[in-house]
Amino acid sequence: MNIDDMEGLDKETRKKIEELQKVTREKDGNAFFAQAQFNLGALLLEKKYFEKALNTLSNIEHSHSPNLYAAAQYHIGDLLERNGDTKLALQVWGDIHHSDNPEIYAASQSYIGFVLSESNDNEGALLAWRNIKYIDSPEQYAQAQFNIGVYLSQNLNKKEALLSWNNINRLDNPALYAQAQFNIGNILLENNKVEDALLALDSIEKNDDAEAYSRAQLKIGNTLLERGDHQSALLAWCNIEHSNNPEAYAKAQFKIASFLLDFGQNQAALLAWQRIERLDDKEAYAKAQFNIAVLLNKNSNIEDALNAFRNIKHDDDVEAYGKAQYAIGKIFISDNNLKDYLTAKDSFALAKNIFPYEAKCYVEVCDLLAKESTTEIGMKYLYFFEKILKIVGVLKIKFLDVKGDINNPERKMAHYTNTDVANILLDSNNKDNRAGHLRLNTITNMNDPSEGQLLESFLKDEKNLSYNTPDFDENSHAFFSCFTFNHDSLNQFRLYGKKDYQEASGVSLVFNQTFFQNKNLGGLSFVTVSSELNNVLVENNADFMSEEEQDYNNKAIGKQPVMRCVYIDAKSGYIQLAQRNKLTFYRELGSTDAADEGWASYQKFIKKKTKEFQKHFEELKSLYKELVNEKEKMRGKNQEVVKIHERLLDETLLPLKYLIKHSAFQEEQECRMIYITSLKDPKVKMDFGKFLYVEYDADVKTHLDKIYIAPAATQYQPYLAKLLCDTNVKVELSNNPYRQT
C-alpha cells in the first residue's frame, strides 16, 4: 500500500501508518503482524479509506490470532454489505466462530439476522438471533430478544413474544427494555389483562428511553380513562413533554383538553388544544382544531370558528375533515347572517364519507331551499329532519356521563344467544384462528310482524292498525342485533337462544361499553342510502381513500351506537322507553337501601328522557302532517315535487323506522344496534338460503364482561369457562329457577 496515494493525511496519521507498515510477519511474528494489520485497518476505516481498509484487514488469518481474525472479519462483512455485496458479507460473518471471540460472534450473528430479515428470510434471521446468548454479549442478547419478540408477535405467536421481551434487562439496554415493556403492555391490554399491562407500562422510566416513556404514559392515561379514573389519567398525560415525543405530547394535550372541557374549564381546554401543532401529529391537530371551532361557535364567534374548521385538511384526518365540512354546512344552512345554501350544499357533499346519510338528506334539502318556488317546503323539511336527529340523540345509549361515572346504571348490555353461537364467538382456535365477531341479521328474521310499519301509523294517528308484508327494499335494507339492560332474565332465556327447541337453554353475553360506539360522533353511522346522487358522491371521494381504508370498508362495520326502542300503544297513547327493571337493581346492589336509592334515581332519569322524547315526537307528528298536506296539495300540479316529497319523507324517517315497537313486546325492553344499507353494499354477506348479515368489526371476546348460563344449559359451564380462561370474564349460572320438561 502506497501512502503517497492517500491525500489529506496529517503528519501524525502518516507517521502512525508508516510505523504499522514496518511490522512484518517474517520479522515480528504472526501475532504482532496481525495486531499491526488490525490497527492499520481501523485507522484506514476512521479516515474513510474503505477499500484499503478491506485489503489490509484481509491480511489477517485465523492462525495468526483467532480473536483479531474475528474482529477483522466483522469489519470486512460490514464493508461488503455497505457496498451491496450482501451474499459475500453473510459468508464472511458466518466464518466467525463462537470460540474465536464470543462477543464479536454475537455481533456478527446480530448483523446476519438483520440482513436476512431485510431480505424477508425471517426464519434465517430468527435462527441467527437465537444463536446469541446472554453470556456472549448482554447488549446484543437484548437486541436479539427484542427482534425475536417482534417477529413472533407479527406472526401471532404473542405468548412466545412476551417471553422474549421479558428476557430483556434494564441494565443491559435501557432503551430496548423500555420498548419491550411497551410492547408487553400493548399485548396484555389486547388480552384484557389490564392490571398486568399497567405494571409493564409503568415500569418504563424517562431515563430508559424518553420517547417510549412518553408513549407509555399516553397509553396509561388512555387505559385509566376507560376505567373511569380520570384523575390518574390526567397525571399520566401531564408527564409527557414535547421535547421527548411530540406526537405523544400532542395526543396527551388533546386528552387533557377534553378532560378540562368535561369539567367546565373551557378556556384552559382551548389553550391546551392550541398547543397542538400539525407537525406534532396531524390527526391530533385536526381534532383539536375541530374542537376549538365548536367551542368558538358555541360562543357565537362564528367567523373564527369557520377559520378553525377550514384549517383542517383531508390529509390531516379524514374523520375530522368530514365533521368540519358537515359543521360548515350546518352554519351556512341555518345562520341568518351567513345563510348560503349553495355553500352549505358543497360542504355537506364533502362530508359524505363520514356522514353518508345526513349529507344526502341535507343536500336534497339545500336544493329545495335554493329555489324560490320550493324554499318554504325546504324549510319544513329542514325542521323535520333536524327533529329526527334530535329524537335519535335522545334514544342513543350514553354509557358514561361526562364525569366518567363507572357506576352508570346503563353501562353494560346483554345479548341473548344459543350455546353453539357462543362457542363460535368465543373460540379463538377456530379454522380462521381469529376471535369471533357478532353478526347483525336481516330484518326478515325478526319475530314482530309490525317491524318498520308502526312509525308512520303513529305519526298519522291511526288507531286501528293492520300489518302487511312491506315491499322488499334492496336499497334500504335493515340489519339488527338486539340487546337489553336485563342481563339475567328468565323470560329472555325462554324466548331466545333455544337449542333443539329447548326453552332456557342459551346464554346471556354481557358486554361492557367498549364494545359499542361510546361517544356521540354526531353522525348516524348506521344509515346509508343508495341513490344516483349517493353513487356520484362516493365516486368523487374515492380518490381520498387508501387501499387499506377501502378494504376495511368492504369487510365489516365499525363500532356502532346502541339505541333504546320505544314501545307505543296507538289506542291509548301509552309510550315507554326501553329501560332496566327494578329487580336488576336489587340483584346488582344487594342492599335494599342502595337498590331503592338507585332505582329512584334511575326512574327520574328515565322520566326526564321520556318527556324529552314525547315533546320532540309530538312536534314531529305536527311537522309530518304539514308535509303530508303539502304533498297532497301538489298532487296533480307538480308531480316532480310530489316525488321529492315521497322520497324525502321515506329517507328522513329511516333512522326512527325500526326503533318504534308495539307495546305488546315491552317486556323485552329491547335496545338495538342497527345498520341500514343497500344489498349492493360489499359488507352484506350471505349464507345462501339461511342468513343475510353484516359482520361487526369489534370482536366479542375482548369486550365481554360476564356470561350468564340459562337454567337448561348448566352443562356448558366448564366449556365456556375453558374458552374464557385467558380472560377476566366471569361465567355464572342464572339466578332464575326453571323446571326442565
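**Helix pairs and a three-stranded sheet**

Helices α28 and α29 lie oblique to each other. Their axes cross at roughly 140 degrees, which is not over 145 and so falls short of roughly antiparallel. The model is predicted. Mean pLDDT for the protein chain is 87. The topics below are the α28/α29 contact, the sheet beside α29, two further helix pairs and the confidence of the model.

**Helices α28 and α29**

- Helix α28 covers residues 582-589, and its axis comes within 8 Å of that of α29.
- The crossing of this pair is right-handed.
- From α28, the contact uses Lys 582, Phe 585, Tyr 586 and Leu 589.
- From α29, the contact uses Thr 592, Ala 594, Ala 595, Asp 596, Gly 598, Trp 599 and Tyr 602.
- By class, the residues of the α28/α29 contact are seven nonpolar, two polar and two charged.

**The sheet β7-β6-β8**

- Three strands make an open sheet, ordered β7-β6-β8, with mixed pairing.
- Strands β7 (574-577) and β8 (660-662) are at the edges; each has a single partner strand, so one side of each lacks a neighbour in the sheet.
- On average, neighbouring strands of this sheet are turned by 30 degrees against each other, direction ignored.
- Strand β6 (residues 566-569) runs antiparallel to β7, and four bridges join the two.
- Within this pairing, Ile 568 has Ile 575 of β7 as its bridge partner.
- Helix α29 (residues 592-634) packs on the sheet and touches β6, β7 and β8.
- The direction of α29 makes about 125 degrees with that of β7.
- Four residues separate β6 and β7, which form a hairpin.
- In the turn of that hairpin, Gly 573 has a positive phi of about 80 degrees.
- On the other side of the pairing scheme, β6 and β8 are parallel, with three bridges.
- Tyr 567 takes part in both pairings: it stands opposite Gln 576 in β7, and its bridge partner in β8 is Lys 661.

**Helices α15 and α16**

- Helix α15 (residues 246-262) packs against helix α16 (residues 266-274) at about 170 degrees, with the axes 8 Å apart.
- The angle makes the two helices roughly antiparallel, because it is over 145 degrees.
- Gln 253, Phe 254, Ala 257, Ser 258, Leu 260 and Leu 261 of α15 make the contact with Asn 266, Ala 268, Ala 269, Ala 272 and Trp 273 of α16.
- That contact has eight nonpolar, three polar and no charged residues.

**Helices α17 and α18**

- Helix α17 (residues 282-298) and helix α18 (residues 302-310) pack at about 165 degrees, and their axes are 8 Å apart.
- This pair is therefore roughly antiparallel.
- The crossing of α17 and α18 is left-handed.
- Gln 289, Phe 290, Ile 292, Ala 293, Val 294, Leu 296 and Asn 297 in α17 meet Ile 302, Asp 304, Ala 305, Ala 308 and Phe 309 in α18.
- The classes in the α17/α18 contact are nine nonpolar, two polar and one charged.

**Confidence**

- Of the residues in the protein chain, 90% reach a pLDDT of 70 or more.
- The pLDDT is below 50 over residues 531-552.
- Beyond near neighbours in sequence, the stretch 531-552 has 24 contacts in the model.
- Where pLDDT is low, predicted coordinates should not be read in detail.

Methods
Residues numbered from 1 in each chain as written. Predicted model: local features only at pLDDT ≥ 70, side-chain atom pairs only at ≥ 80, totals over all residues. Heavy atoms only, no water. Pairing = 2+ DSSP bridges. Axes fitted to C-alpha atoms, helices over the stretch in contact; angles between N-to-C directions. Contact = heavy atoms within 4.5 Å. Parallel < 35°, antiparallel > 145°, perpendicular 65-115°, else oblique. Left-handed = near helix turned anticlockwise from the far one by under 90°. Nonpolar A, V, L, I, M, F, W, Y, C, P; charged D, E, K, R; others polar. pLDDT = per-residue confidence, 0-100.
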